[in-house]
Amino acid sequence: MGPLDGLRIIDMTSVLMGPYATLMLGDFGADVIKVESPEGDVVRQIGPSRHAGMGPLFLHANRSKRSITLNLKQPEGREALLRLCKSADVLVYNVRARAMARLGLSYEEVSAVNPRIIYAGMFGYGQSGPYADRPAYDDLIQGACGLPYLFSRVNDGEPRYVPSAIVDRIVGLAACNAILAAVIERSHSGLGQRVDVPMLETMVNLVMGDHMGGLTFEPPLDRGGYARQLSADRRPYRTSDGFICALIYTDGHWRRFFKAIGRPDLPEGDPRYRDFAARMAHIDEVYAELGRIFEARSTAEWMELLEQADVPAMPIHDFEGMLNDPHLRATGFFEMVEHPTEGRIRQMAVPASWSRTPARPDRLAPRQGEHGIEVLRESGFADDEIKALSQSGALGAAELSTIGE
């Protein structure tokens, strides 16, 4: 059942950041109840797909969850959510805090019905600063935390975004950590609390952890930036027939590398290679020289040579290459499963493992509102109450024909 078996999550999130956090909680064994608006999570619409509302991004970010559709703008929908919260451990949302207050679902209002609840919000900016109410998306936060600037430093001067929703997923990871920390604290105090996870501060912490450099000190010792990461020649090395990723990092790596290519005297003969500090001081020259060396052999030759020398290296995969990677195939990371409506789909395994409580997700991404009646019944709703919710428009996509079964 997974290490979080018994933990119940009310998941009010959509798109990618929040769903990624609750995906991990669900994969780890928590009971995640995804509360969708009548319009549904917009990511459902991102194709390609076999059926409307079941696109691949949604399928991968929303397994291990049950879905209920509630119109929270209606009083009946809000009251239904609060009743769900009475038996929940965590409520997670990723809209602006002010929007939650407008719905009558502020921390004060939710904790009034369940003082033990962890009320976790993910939004753009810390709530004590002037950006508190600004909207935020992955691209915007990438810019604000300096990622496009880093690309401009090492490439052609043009800023670029990372071609992945990296902010959403990193902040989702941070939120998962913060939620579980609050759950552990509650086991001692017996009390819930509000947890805020801002995107900007989380990402600035990540980027500047590498690049604060001399700006750490006052007065500054330099203008910041980790020279090795900002070297224009820090990139996959071109070989005679392709590219390879190699990181020759420690003194031991360098000695074995030079011996393997027949130049064992180079570390002593060239002061730029003598030790770690010398290499860092001349990192652009070092990387440029490696670029010239790697062009002399094929990728396969380099992989064999570097593996024998115990120097870290990997080939560059495209998407299909990852599916066929021998290690990932051996570990069963990609597996084919049968989805009840979408047929055979490929999903990814939970990367972590536990010796006593293995996490083996068996609940695939739900159709919108698929579990509405089931969830409401578990929370004490009588069948006539469920019918009334549906008739009022507060409950969407309810399978009323199952009532009474």
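**Exercise 1.** In this predicted model, find the loop that holds Ser64 and decide whether Ser64 is buried or exposed.

*Solution.* Step 1: Ser64 lies in the loop that connects H2 with strand S3 (65-70). Step 2: its backbone has a positive phi of about 60°, although Ser64 is not a glycine. Step 3: most residues other than glycine have a negative phi. Step 4: the relative accessibility of Ser64 is 7%, so Ser64 counts as buried, the cut-off being under 20%.

**Exercise 2.** Place Val15 in its loop and classify its exposure.

*Solution.* Step 1: the loop between strand S1 (8-11) and H1 contains Val15. Step 2: Val15 is not a glycine, yet has a positive phi of about 65°. Step 3: with 33% relative accessibility, Val15 counts as partly exposed, because that class runs between 20% and 50%.

**Exercise 3.** State which peptide bond leading to Pro48 and which leading to Pro219 is cis, and locate each proline.

*Solution.* Step 1: the bond from Gly47 to Pro48 is cis, with omega near 5°. Step 2: Pro48 sits in the loop between strand S2 (31-36) and helix H2 (56-61). Step 3: Glu218 and Pro219 are also joined by a cis peptide bond, with omega about 0°. Step 4: the loop between H9 and helix H10 (227-230) holds Pro219. Step 5: for background, most peptide bonds are trans.

**Exercise 4.** Describe the sheet formed by S7, S8 and S9, and name the helix that packs on it.

*Solution.* Step 1: the three strands form an open sheet in the order S7-S8-S9, with antiparallel pairing. Step 2: strand S7 (237-238) and strand S9 (313-315) are the edges, each pairing on one side only. Step 3: S7 is joined to strand S8 (residues 243-246) by two bridges. Step 4: Arg238 stands opposite Phe243 in S8. Step 5: helix H15 (residues 299-308) packs on the sheet and touches S8 and S9; its direction makes about 20° with that of S8.

**Exercise 5.** Identify the residues with the most contacts to other members of the largest nonpolar core, and the element that gives the most to this core.

*Solution.* Step 1: the core has 40 residues, and Ile9, Leu25, Met122, Val171 and Met203 touch the most other members. Step 2: elements that give two or more residues include helix H1 (17-27), strand S5 (118-123) and helix H8 (166-189). Step 3: H8 gives the most, with nine residues. Step 4: a second, separate core of 31 residues includes Leu82, Tyr107, Tyr119 and Leu395.

Methods: Residues are numbered from 1 along each chain as its sequence is written. This is a predicted model: local features need pLDDT of at least 70, side-chain atom pairs count only at pLDDT 80 or more; totals for chains, interfaces and linings use all residues. Side-chain values use heavy atoms; hydrogens and water are left out. Two strands pair if DSSP finds at least two bridges between them. Helices (H or I, at least four residues) and strands (E, at least two) are DSSP runs, numbered from the N terminus. Contact means heavy atoms within 4.5 Å. Axes are lines fitted to C-alpha atoms, for helices over the stretch in contact, and angles run from 0 to 180 degrees between N-to-C directions. A nonpolar core is a set of buried Ala, Val, Leu, Ile, Met, Phe, Trp, Tyr and Cys residues joined through side-chain atoms within 4.5 Å. Buried means under 20% relative accessible area, exposed over 50%, partly exposed in between (1.4 Å probe, protein chains only).
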